[in-house]
Amino acid sequence: FQLSHRVTQVVPESALLITLGLLLGGIVWAADHIASFALTPTVFFFYLLPPIVLDAGYFMPNRLFFGNLGSILLYAVIGTVWNAATTGLSLYGVYRTGIMGQLNIGLLDFLLFGSLIAAVDPVAVLAVFEEVHVNEVLFIIVFGESLLNDAVTVVLYDVFKSFVTIGPENVTGIECVKGIVSFFVVSLGGTLVGIFFAFLLSLVSRFTKHVRIIEPGFVFIISYLSYLTAEMLSLSAILAITFCGICCQKYVKANISEQSSTTVRYTMKMMASGAETIIFMFLGISAVNPEIWTWNTAFILLTLVFISVYRVIGVILQTWILNHYRMVQLEIIDQVVMSYGGLRGAVAFALVVLLDVDTVKERNLFVSTTIIVVFFTVIFQGLTIKPLVQWLKVKKTEHREPKLNEKLHGRAFDHILSAIEDISGQIGHNYLRDKWSNFDRKVLSKVLMRRSAQKSRDQILNVFHELNLKDAI
């Protein structure tokens with residue numbers, strides 16, 4: 001794929017890998033008449049997802065992410081709940097009219113299906129949006145939403161799954177309150193576990209000066225430990241490893257040597273890229289198994305219609321609210337790309353495969369529909385998003401290092417804006433960022449960074465050193 005740029009410029013790599021998986025699955029099926037390979041949830045959640053999420057968190061542009069955190073959280077939490085509830089309830093409403101025929105299914109089953117199909121996949125979004133090069137704000141909102149949305153989806157899925165297991169007649173008001181409380185406990189608990197392990201990793205990397213050779217090992221092992229610990233405590237493992245990566249990157253990069261930093265960067269990218277390749281290949285291979293296919297045209301078509309329509313409505317409503325508070329407004333063009341960027345992928349597939357056929361009688365119908373939705377969004381939307389972005393003339397990003405002049409002006413503006421907020425008595429994100437920077441400089445950096453790293457952080461000294469080096473060369 002990489003040798004022929006003409007192909008990858010038109011067709012996203014994820015779509016090519018799914019097609020290749022279908023071909024391989026077809027060959028295996030033709031030879032043996034058994035589906036010998038399948039993407040199992042255990043393999044997906046414990047081995048393939050962590051490196052991708054860690055890579056996303058560790059290389060997350062922190063300033064952009066935290067600057068847009070309010071918007072990302074609104075889309076990820078409220079947007080996911082909206083998509084899950086509206087899709088599930090609409091499908092149930094249509095089912096009651098009798099269009100779908102006779103199905104052994106109840107309201108809670110529909111809500112369970114709505115919760116898993118609402119999972120916007122960061123793997124698919126990354127694969128497509130990195131090739132499109134949309135502007136940074138749009139990219140961080142869509143990507144941040146898809147990353148945090150996964151964690152929200154898994155929590156919602158667990159809540160509805162427990163409701164289905166105990167039976168609709170036993171779901172009381174207390175159970176609903178428990179579900180809402182568990183949602184917040186699982187999400188916030190996972191985040192706190194991630195932050196704890198991020199500080200632990202930063203502290204460990206401070207004392208690895210004499211064991212440079214195993215520095216990269218600490219980064220991977222402690223990050224993975226955050227994922228396993230959160231999973232063991234029944235908290236959100238995805239949020240744990242995401243925030244572990246986000247919070248440790250600054251201190252770890254300062255503490256470890258240049259060689260270790262390069263090793264971490266390339267190893268992490270290689271593992272994430274390998275996991276993405278395996279996931280999309282196996283999505284194709286898993287589909288070639290006649291035993292999992294149950295067809296219901298009305299159910300499948302309506303699912304595709306509802307997830308598309310409600311995503312558009314959700315994005316428009318939430319953006320209308322957000323634009324009252326945002327400095328940088330999200331334009332109509334941005335909203336179109338965000339609505340179109342709701343790609344479903346392996347998370348939805350892994351969750352639907354986890355369902356037990358004894359509790360959810362129409363499991364195979366759910367699996368078949370999820371595969372169709374994944375293929376439709378990744379292949380059709382993935383193919384058409386690039387022409388759409390070019391046609392709408394969406395502002396694209398520039399990849400370059402800011403000049404010293406720009407850095408100094410940016411820093412000066414930060415101080416001026418936080419001063420204006422301070423004087424006017426408004427606590428905005430500039431004021432909060434300034435306070436956090438002070439706390440970080442006075443406390444956190446002194447604890448989590450070795451002394452030599454703290455000295456070398458001075459930007460002007462760095463530039464002076466680089467200029468001297470250029471002169472010497």
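**Charged contacts and a positive patch**

In this predicted model, a network of salt bridges links Arg63, Asp414 and Arg433. Within this network, Arg63 is paired with Asp414, and the closest N and O atoms of the two side chains are 2.9 Å apart. The contact links distant parts of the chain, since Arg63 belongs to helix H4 (residues 62-67) and Asp414 to helix H17 (residues 404-424), the two residues being 351 residues apart. The acidic partner, Asp414, has a relative accessible area of 17% and is therefore classed as buried, the cut-off for that class being under 20%.

Across the whole structure, the search returns 7 salt bridges, among them the pair just described and two further pairs considered here. One of these joins Asp440 to Lys250, with the closest N and O atoms 2.2 Å apart. Because Asp440 is located in helix H18 (residues 429-448) and Lys250 in helix H11 (residues 237-255), this salt bridge ties together parts of the chain that are 190 residues apart in sequence. The two partners fall into separate accessibility classes: Asp440 is buried, its relative accessible area being 3%, whereas Lys250, with a value of 35%, is partly exposed.

The other pair consists of Arg212 and Glu215, for which the closest N and O atoms are 2.6 Å apart. Here the basic residue, Arg212, is partly exposed, with a relative accessible area of 28%, while the acidic residue, Glu215, counts as buried at 2% relative accessibility. Glu215 is also the residue at which helix H10 (215-232) begins.

Charged residues also appear in a surface feature of the model, namely a positive patch that is formed by Lys435, Arg441, Lys442 and Lys446. Of these residues, Lys446 is assigned to helix H18, the helix that also contains Asp440, the salt-bridge partner of Lys250. Residues enter such a patch only if they take part in no salt bridge, so the four members of the patch stand apart from the paired side chains described above.

A backbone feature is found in the loop between helix H10 (215-232) and helix H11, where Ser234 is located. The phi angle of Ser234 is near 60°, which is a positive value in a residue other than glycine. Ser234 is exposed, with a relative accessible area of 57%, the class being defined by values over 50%. This loop is followed by helix H11 (residues 237-255), in which Lys250, the partner of Asp440, is found.

Methods:
Residues are numbered from 1 along each chain as its sequence is written. This is a predicted model: local features need pLDDT of at least 70, side-chain atom pairs count only at pLDDT 80 or more; totals for chains, interfaces and linings use all residues. Side-chain values use heavy atoms; hydrogens and water are left out. Helices (H or I, at least four residues) and strands (E, at least two) are DSSP runs, numbered from the N terminus. Buried means under 20% relative accessible area, exposed over 50%, partly exposed in between (1.4 Å probe, protein chains only). Patches are made of residues with over 30% relative accessible area and no salt bridge: like charges are joined within 9 Å, nonpolar side chains (Val, Leu, Ile, Met, Phe, Trp, Tyr) within 5 Å. Accessible areas come from the Shrake-Rupley method with a 1.4 Å probe; for residues, only the protein chains shown count as cover. Lys and Arg count as positive and Asp and Glu as negative; His and the chain ends are not counted. The place of a charge is taken as NZ of Lys, CZ of Arg, CG of Asp or CD of Glu.
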